[in-house]
Amino acid sequence: MLSALCERSPVPLRFVGLGSGLGRPLLTEHPVERWYDLPESGPAARAALEEVVRSQGVEVALVVLDGPVAAALEAAGVPTVFVDSLPFLWTEGDRPSLPLDATVYCAQRSPELPPECQGILASIPRLRWVEAIVGTPPVPRAGGSTGRPCRKVVVSLGGLRAPRLADWTSYPRLVVPAVLEALAAHGVRDVRLTGNLSAGLLADFVGRSPLPLRVTAGALPHAAFLAELAGCDALLTSPGLTTLLEAGSLGVPTLCLPPQNLSQIFNARFQRQAVGADVQVTWPADVLREDDVLAMRAKGEDHALELIYEAIGRAAARADAERVVAALSDRILAALRHTAEPADWGALATAVGTGGAAQVADAVLAAAGQSPPSS
């Protein structure tokens with residue numbers, strides 16, 4: 001979105017960033033002049049935000065999935081464009097945390113809107129539907145992968161360090177060994193492992209693996225990640241929606257690893273239904289039942305997340321955790337075989353469109369009183 005803003009603005013723009021410890025590493029390639037960390041909440045947080053607005057001369061704000069910050073910016077007199085990439089997720093229990101009165105509320109199109117979210121969406125006075133917000137790969141993708149031997153694979157574990165997740169290592173400690181075992185059994189030899197993981201933990205995974213795999217591990221800036229996607233035979237990913245859409249826009253065969261959070265349950269189901277292939281890996285039933293999570297979400301996302309985080313943490317701490325790893329490996333290997341079958345791997349991206357970055361940029365420019373491009 002920042003790239004689209006720079007491209008579409010008739011005047012040079014200056015960016016300052018608020019908070020976003022999770023997203024900040026992803027924006028290292030963009031011209032954010034300075035980052036400000038704010039207190040969690042209360043009068044001190046409001047005062048700190050108002051000082052940033054005053055000292056930096058903030059004219060308009062772009063906020064992604066942080067409702068309280070968007071509401072605070074609006075209260076400080078800053079026109080705010082809020083980007084909701086997960087509108088299908090919300091129930092009445094989430095209403096207090098959503099900035100329903102934002103200057104513009106950009107909701108990303110979804111292949112399905114469950115009944116539980118429709119009342120909230122209908123109550124947003126300045127709701128604007130936008131297409132998927134995805135990056136553009138720096139290099140064109142080579143010919144299609146379907147039918148080719150699966151030799152080079154990207155494994156993406158996503159953000160991992162969610163604010164309310166006490167031990168963010170539980171998920172990779174279960175999933176990474178299972179992935180590597182399944183890839184070796186499938187005949188893969190070249191693996192690029194990435195995600196918001198510490199270098200030490202990544203090195204530990206690679207160093208302890210006796211499997212005949214060449215594993216390169218480490219976090220990737222966004223452009224480098226897209227370049228890896230453009231050159232791989234398949235992607236195995238924790239099912240974050242943007243990653244699925246970016247892979248789909250490149251036509252990359254994609255397998256969804258077990259979910260880390262509530263939205264990823266929906267994302268993986270969207271992907272499976274769109275491409276028509278059984279490439280969704282779920283947790284064993286004695287670890288987590290997705291229907292239990294979906295029933296819990298009626299109380300709000302926080303309650304569902306608590307159930308997921310506790311289940312993954314318990315599984316990683318079990319004396320027979322190796323049995324969980326083995327069960328996951330079997331499921332991943334079975335799903336891997338489907339990536340070689342004919343499928344429309346871009347179906348999800350096609351269903352929701354991929355022009356959202358420009359659409360959001362135009363909303364921000366309009367909120368700032370600028371005229372967006374006519375094309």
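## Exercises on a predicted model

The salt-bridge count here comes to 14. Keep in mind that this is a predicted model.

**Exercise 1. Work out which residues are linked in a network of salt bridges with Asp 286.**

Step 1. Start with Arg 318: its closest N and O atoms to Asp 286 are 3.4 Å apart, and the two form a salt bridge. That fits the cut-off, a Lys or Arg side-chain nitrogen within 4 Å of an Asp or Glu carboxyl oxygen.

Step 2. Place this pair on the chain. Arg 318 sits in the loop between helix H11 (301–317) and helix H12 (321–338), while Asp 286 sits in the loop between helix H9 (262–275) and H10, 32 residues apart.

Step 3. Now try Arg 323. Its side chain meets that of Asp 286 in a salt bridge at 2.6 Å, N to O. Arg 323 belongs to helix H12 and Asp 286 to the loop between H9 and H10, so this pair ties together parts 37 residues apart in sequence.

Step 4. Put it together: the network links Asp 286, Arg 318, Asp 320 and Arg 323.

**Exercise 2. Decide whether Asp 286, Arg 318 and Arg 323 are buried, partly exposed or exposed.**

Step 1. Recall the cut-offs: buried is under 20% relative accessible area, exposed is over 50%, and partly exposed is in between.

Step 2. Asp 286 has 45% relative accessibility, so it is partly exposed. Arg 318 comes in at 23%, so it is partly exposed. Arg 323, at 42%, is partly exposed as well.

Step 3. For contrast, take Asp 291 in helix H10 (residues 290–296). Asp 291 has a relative accessible area of 56%, so it counts as exposed.

**Exercise 3. Find what Leu 174 touches, and where it fits in the largest nonpolar core.**

Step 1. The largest nonpolar core has 82 residues, and Leu 174 is among those that touch the most other members, along with Val 155, Leu 183, Leu 236, Leu 257, Trp 283 and Ile 332. Helix H5 (residues 170–185) gives this core its largest share, 10 residues.

Step 2. Skip neighbours within four places in sequence, and the contacts of Leu 174 include Trp 283, Ile 312, Val 324 and Leu 328.

Step 3. Another core lies apart from this one, with 17 residues, including Ala 4 and Val 364.

**Exercise 4. How many disulfides does a search of the whole structure find?**

Step 1. The search turns up 0.

Step 2. Check two cysteines anyway: Cys 106 is buried, because its relative accessibility is 0%, and Cys 232 is buried at 1%.

Note on methods. Residues numbered from 1 in each chain as written. Predicted model: local features only at pLDDT ≥ 70, side-chain atom pairs only at ≥ 80, totals over all residues. Heavy atoms only, no water. Disulfide = S-S within 2.5 Å. Buried < 20%, exposed > 50% of the residue type's maximum accessible area, 1.4 Å probe, protein only. Core = buried A, V, L, I, M, F, W, Y, C linked by side-chain atoms within 4.5 Å. Helix = DSSP H or I, 4+ residues; strand = E, 2+ residues; numbered from the N terminus. Contact = heavy atoms within 4.5 Å.
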